[in-house]
Amino acid sequence: MIFSLAVYAAPYSQEGSSTALRFAESALKQGHQLYRVFFYGDGVHNSNHLHSPPQDETNLPLRWKTLANTHNIDLVVCIAASLRRGVLNREEADRYEKNNHNCEAPFNVSGLGQMIDASVNSDRVITFA
């Protein structure tokens with residue numbers, strides 16, 4: 001089965017992000033495919049590479065990156081939601097004349113069209129809030 005995930009939860013304020021990550025890892029272990037993970041709303045904070053949790057806590061953004069790099073998974077961050085929350089990749093930081101960016105590969109900043117594409121190309125889309 002081909003899954004896509006929509007993650008609406010920030011990494012440390014709700015369980016949705018960690019639950020989505022565990023679901024993704026489990027589905028891949030069982031032989032399913034993961035087409036795309038789309039981060040929307042507060043979920044865009046999962047792409048912030050400036051998160052520095054204490055050493056005894058899980059670094060969710062790093063785990064998402066590792067999962068994506070290991071399994072070649074498309075991680076998409078909603079551009080409108082990310083701009084509202086100050087999560088910018090290099091291109092958007094340059095466009096808005098900001099000195100820094102806090103979103104980098106393998107996270108890709110894109111629009112809702114990527115979510116529609118995920119819906120078309122997946123057997124199931126599961127939302128985690």
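**Strand order and pairing in the β-sheet**

Strand E4, spanning residues 107–110, presents two contrasting faces: Phe-107 and Val-109 lie on the covered face, whereas Asn-108 and Ser-110 lie on the uncovered one. The description given here refers to a predicted model. E4 is joined to strand E3 (residues 74–78) in the parallel sense through four bridges. Within this pairing, Val-76 has Asn-108 of E4 as its bridge partner, a residue of the uncovered face of E4.

E4 belongs to an open sheet of five strands, arranged in the order E4-E3-E2-E1-E5 with parallel pairing. E4 and E5 are the edge strands, each of them pairing on one side only. From one strand to the next, the twist averages 25°.

Strand E1 (residues 2–7) is mostly covered, with five of its six residues buried. E1 pairs with strand E2 (residues 33–39) in the parallel sense over six bridges. In this pairing, Ile-2 is matched with Gln-33 of E2, and Leu-5 has Val-37 of E2 as its bridge partner. A parallel pairing over five bridges also links E1 to strand E5 (residues 124–128), where Phe-3 stands opposite Arg-124 of E5.

Two helices may be described in relation to these strands. Helix H1 (residues 16–29) forms a right-handed β-α-β unit together with E1 and E2. Helix H5 (residues 113–121) lies across E1, E2, E3, E4 and E5, and runs at about 155° to E2.

Definitions and conventions: Residues are numbered from 1 along each chain as its sequence is written. This is a predicted model: local features need pLDDT of at least 70, side-chain atom pairs count only at pLDDT 80 or more; totals for chains, interfaces and linings use all residues. Side-chain values use heavy atoms; hydrogens and water are left out. Buried means under 20% relative accessible area, exposed over 50%, partly exposed in between (1.4 Å probe, protein chains only). Two strands pair if DSSP finds at least two bridges between them. A crossover is right-handed if, with the strands pointing away from the viewer, the path from the first strand over the helix to the second runs clockwise. Axes are lines fitted to C-alpha atoms, for helices over the stretch in contact, and angles run from 0 to 180 degrees between N-to-C directions. Contact means heavy atoms within 4.5 Å.
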